[in-house]
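This briefing covers the overall make-up of one protein and the packing of one helix pair. Please look over the sequence and the model first.

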Amino acid sequence: MGYEKKVIKAIGGDREALLYLIQQQKEKIYRTGYSYVGNKPDALDIFQQTALLAIESIHQLREPRYFSTWLMKICINVSLDVLQKQKKIVLMDDLKMQSYSMTNTKSDEKIDLLNAIYHLDEKYKTVLILKYYEDLTFEQIANALDEPLGTVKSNGKRGLSKLKTMLKGVYTDERAKSF
């Protein structure tokens with residue numbers, strides 16, 4: 001059965017279809033939550049809260065093709081709520097950051113990059129995580145965040161610029177210069 005047909009069934013009240021769709025997105029939800037809170041227990045709580053809110057409000061989804069974006073928006077909002085409730089900074093230690101997978105980078109570079117992303121303002125962090133970790137387009141991100149496309153693109157560019165500044169001098173090889 002096609003993806004959109006499953007979403008339509010889920011909107012119509014088919015719990016199995018909805019659970020299947022959430023299951024397909026579980027890693028993405030977990031990674032996004034983890035990138036906000038920096039620890040496994042809170043990331044798992046974010047996943048659970050996201051799934052629960054999706055189950056409770058699936059009937060509100062108007063466009064089946066935007067299910068993934070809609071689910072990611074719920075995850076982002078839950079993540080931000082968790083951060084606000086905690087009102088503390090959770091520092092990632094090296095082991096936790098290494099468990100977050102990225103491709104084509106060495107583990108020291110992973111740690112430095114994740115640490116830099118973690119310390120960005122929320123508006124920059126959100127766009128960069130969705131763009132580069134979750135492979136969403138700027139249009140999808142704008143839709144998920146209910147922000148104008150220009151704002152999302154600007155936040156992405158500013159976030160990359162801030163990352164470059166944060167990581168400047170850390171790496172002297174050619175890859176860092178072209179970052």
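Axes here are lines fitted to C-alpha atoms, for helices over the stretch in contact, and angles run from 0 to 180 degrees between N-to-C directions. The model is predicted. The protein has 10 helices and 0 strands. One pair, α2 and α4, packs at an angle of about 40 degrees.

**Overall make-up**

- From the N terminus on, the order of elements is α-α-α-α-α-α-α-α-α-α.
- The protein has 179 residues, and 41% of them are buried.
- The accessible surface is about 10500 Å². Carbon and sulfur atoms account for 51% of that surface.
- Take the contacts between residues at least 6 apart in sequence: 65% of them join residues at least 24 apart.

**Geometry of α2 and α4**

- Helix α2 spans residues 15-37, and helix α4 spans residues 67-86.
- Their axes lie 9 Å apart, at an angle of about 40 degrees. Therefore α2 is oblique to α4.
- The crossing of α2 past α4 is right-handed.

**Residues at the α2 and α4 contact**

- α2 contributes Leu18, Leu21, Gln25, Lys28, Ile29, Thr32, Gly33, Tyr36 and Val37.
- α4 meets them with Phe67, Ser68, Leu71, Met72, Cys75, Ile76, Ser79, Leu80, Val82 and Leu83.
- By class, the residues of this contact are 13 nonpolar, 5 polar and 1 charged.

Conventions: Residues are numbered from 1 along each chain as its sequence is written. This is a predicted model: local features need pLDDT of at least 70, side-chain atom pairs count only at pLDDT 80 or more; totals for chains, interfaces and linings use all residues. Side-chain values use heavy atoms; hydrogens and water are left out. Helices (H or I, at least four residues) and strands (E, at least two) are DSSP runs, numbered from the N terminus. Buried means under 20% relative accessible area, exposed over 50%, partly exposed in between (1.4 Å probe, protein chains only). Contact means heavy atoms within 4.5 Å. Accessible areas come from the Shrake-Rupley method with a 1.4 Å probe; for residues, only the protein chains shown count as cover. Angles under 35 degrees count as roughly parallel, over 145 as roughly antiparallel, 65 to 115 as roughly perpendicular and the rest as oblique. A crossing is left-handed if the near helix is turned anticlockwise from the far one by less than a right angle, and right-handed if clockwise. Ala, Val, Leu, Ile, Met, Phe, Trp, Tyr, Cys and Pro count as nonpolar, Asp, Glu, Lys and Arg as charged, and the others, Gly among them, as polar.
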